[in-house]
Structure formats: structure tokens, C-alpha cells
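I opened the model today to look up how some of its helices pack and where a few single residues sit. These are my entries, in the order in which I made them.

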Amino acid sequence: MHEARGHLDFETGSPQPLVGPNGVGVHRYAEDPRTRVWGFSWGLGDGLVFEWRPGQPAPVKLLEHIRNGGTMVAHNAMFERVIWRYLRQRYGLTDWPEIKASQQVCTMAKALAMNLPAGLDDLSKVIGVGANKDMEGNALMKRMAKPSKIHPDGTCEWALDTPENRNRIEKYQTQDVVVEIEVDEVLPDLVPREQALWVLDQEIND
């Protein structure tokens, strides 16, 4: 069993392509003022997972955990760290602590170190954890990740931004956290030298 760890999963939308042939990478993606955060789900290792959306009360326990240097886990952890930084800047959450690369653990990096699949869905199936990724929610997430229309002046329309879809996305991201927690428990951490190299790589990219 690991020490108490925070787990975090964001869902976002942007006219910028994050990956693929024209992908701009997470830093340019996050810096685009048209990028929006639908919300995130989080847990602290006690079996409970919570949701947060912009405008809601601060997740006090999560913030205390981060402020105290607690370990934060995510699948492809760079994305969560950079989007967290963007969230703090975009929404004026100056009292929220920064997530440092040095306090992160990346379940994708742990999987790749063992020559296992990088994708959370395939990974969870290969290692046989009990929870499965919500693929119906994943399909909606992919549609909500892009605006329905981009006007010539660059402004965006978000036709799928409805209360029903936001609720469905929350369920999807919450299930991702459930899966990530189980994956984190099964996969061994990187050895100290590899973890230090991972952190250095994150800091160089930042």
C-alpha cells in the first residue's frame, strides 16, 4: 500500500489540437485563452472521489494535501500539472498552491517503464484491475474537447456545453480517477533514479 496520495483528473476543451500531427503540446494548449476547464475529479486515497467545477467552493482537503507537499498522482501527469497552473491563473485562484513536478507520480510513466500500454483503458485491462474506463463517457469527452464551431475571428461556439453533458463528463472523469487509483496501487513506482529523471524532464519542458 502507498502512503496517502492525491489523485486528479481534468477534462478540458480547446480549439487547439493537443496531440496528433498538428498537436501543439500541453503548454500552448493551456495558454490559449479559449481553452476551458470543464472540471476535475479528485480523491485522497480513502475510497472517496469528488468533483469540482469552476465557480464551486474550493476543494479544501485537496488544497491542503498539495500545499503540504503530498504526492499527487495522475495518468500523464504533465497534463494535470500544467492545466492546474492554467486554472489558477485563468480563474484568479491565487491562494491555491502550485502542483510541483517533484511531488507528482505518473501512472503512465510507471506503465511504460514496464513495457505496458500507455492508454489507461488498455492498461487497466492488461494488468487486470477491477475498474474499467468509461468508454461511453470517453466518446462524449472527445466531442466536448473541441468547439462545435470556430469563427473567422477565432471565437468559439460550444454547442455541447449543456448541464446534462457536464454532469455526464463529471461521471466520466470520476471513473477515470477510480481506475487510476487502482492502477497506481498495482504498478510499482519508478525507482528513485528513474523518478528523478522523470521530474527533471518535466522541469525542462516547463
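The entries below go through one helix and its surroundings, then two further helix pairs, then four single residues.

**Entry 1: helix 5 and its two sides**

I noted at the outset that this is a predicted model, and I read everything below with that in mind. I began with helix 5, which spans residues 120-127, and asked which of its residues are buried. I found L120, D121, L123 and S124 to be buried. These residues cover an arc of only 165 degrees around the axis, which puts them on the same side of helix 5. I recalled the general rule that an α-helix has 3.6 residues a turn, so residues three or four places apart point the same way.

Turning to the face of helix 5 that looks away from its buried side, I found the exposed residues K125 and V126 there. I then looked up what lies over the buried residues of helix 5, and the cover includes helix 4 (107-113), helix 6 (135-144) and helix 7 (163-186). Past the end of helix 5 comes G128, and its phi is positive, near 75 degrees.

**Entry 2: helix 5 against helix 7**

Since helix 7 belongs to that cover, I looked at this pair next. The axes of helix 5 and helix 7 are 11 Å apart, and the two helices pack at an angle of about 45 degrees. At 45 degrees the pair falls outside the range under 35 degrees that counts as roughly parallel and also short of the 65 to 115 that counts as roughly perpendicular, and helix 5 and helix 7 are therefore oblique to each other. I recorded their crossing as left-handed. Helix 5 brings L120, L123, S124 and I127 to the contact, where they meet D176, V179, E180, V183 and V186 of helix 7. Sorted by class, the residues of this contact are 6 nonpolar, 1 polar and 2 charged. I marked L120, L123 and S124 in my notes, as they appear in the list of buried residues of helix 5 and also in its contact with helix 7.

**Entry 3: helix 6 against helix 7**

I stayed with helix 7 and asked at what angle helix 6 packs against it. The angle is about 125 degrees, and the axes are 9 Å apart. Helix 6 and helix 7 are therefore oblique to each other, and helix 6 passes helix 7 in a left-handed crossing. From helix 6 the contact takes E136, G137, N138, L140, M141 and M144, and from helix 7 it takes N165, R168, I169 and Y172. I counted these by class as 5 nonpolar, 3 polar and 2 charged residues.

**Entry 4: helix 3 against helix 8**

For another pair I took helix 3 (residues 77-90) and helix 8 (residues 192-205), whose axes are 12 Å apart and which pack at an angle of about 40 degrees. Helix 3 and helix 8 are therefore oblique to each other, and here the crossing is right-handed. On the helix 3 side I found A77, M78 and R81, and these meet W198, Q202 and N205 in helix 8. The residues of this contact divide into 3 nonpolar, 2 polar and 1 charged.

**Entry 5: two asparagines with positive phi**

I next looked at N76, which lies in the loop between strand 4 (72-74) and helix 3. N76 has a positive phi of about 65 degrees although it is not a glycine, and with a relative accessible area of 35% it is partly exposed. N115, in the loop between helix 4 and helix 5, likewise has a positive phi, near 60 degrees, without being a glycine. N115 is exposed, and I noted its relative accessible area as 73%.

**Entry 6: H7 and G45**

Is H7 buried or exposed? H7, which is found in strand 1 (residues 6-13), is buried, with a relative accessible area of 3%. Leaving aside neighbours within four places in sequence, I listed its contacts as S41, W42, G43, M72, V73, V177, E180, I181 and D184. I noticed E180 in particular, as it also takes part in the contact of helix 7 with helix 5.

My last look-up was G45, placed in the loop between strand 2 (36-43) and strand 3 (49-52). G45 is exposed, with a relative accessible area of 56%. The C-alpha atoms of G45 and E3 are separated by 8.5 Å, and the two residues are 42 residues apart along the chain.

Definitions and conventions. Residues are numbered from 1 along each chain as its sequence is written. This is a predicted model: local features need pLDDT of at least 70, side-chain atom pairs count only at pLDDT 80 or more; totals for chains, interfaces and linings use all residues. Side-chain values use heavy atoms; hydrogens and water are left out. Axes are lines fitted to C-alpha atoms, for helices over the stretch in contact, and angles run from 0 to 180 degrees between N-to-C directions. Helices (H or I, at least four residues) and strands (E, at least two) are DSSP runs, numbered from the N terminus. Angles under 35 degrees count as roughly parallel, over 145 as roughly antiparallel, 65 to 115 as roughly perpendicular and the rest as oblique. A crossing is left-handed if the near helix is turned anticlockwise from the far one by less than a right angle, and right-handed if clockwise. Contact means heavy atoms within 4.5 Å. Ala, Val, Leu, Ile, Met, Phe, Trp, Tyr, Cys and Pro count as nonpolar, Asp, Glu, Lys and Arg as charged, and the others, Gly among them, as polar. Buried means under 20% relative accessible area, exposed over 50%, partly exposed in between (1.4 Å probe, protein chains only). The arc is that of the directions from the helix axis to the C-beta atoms.
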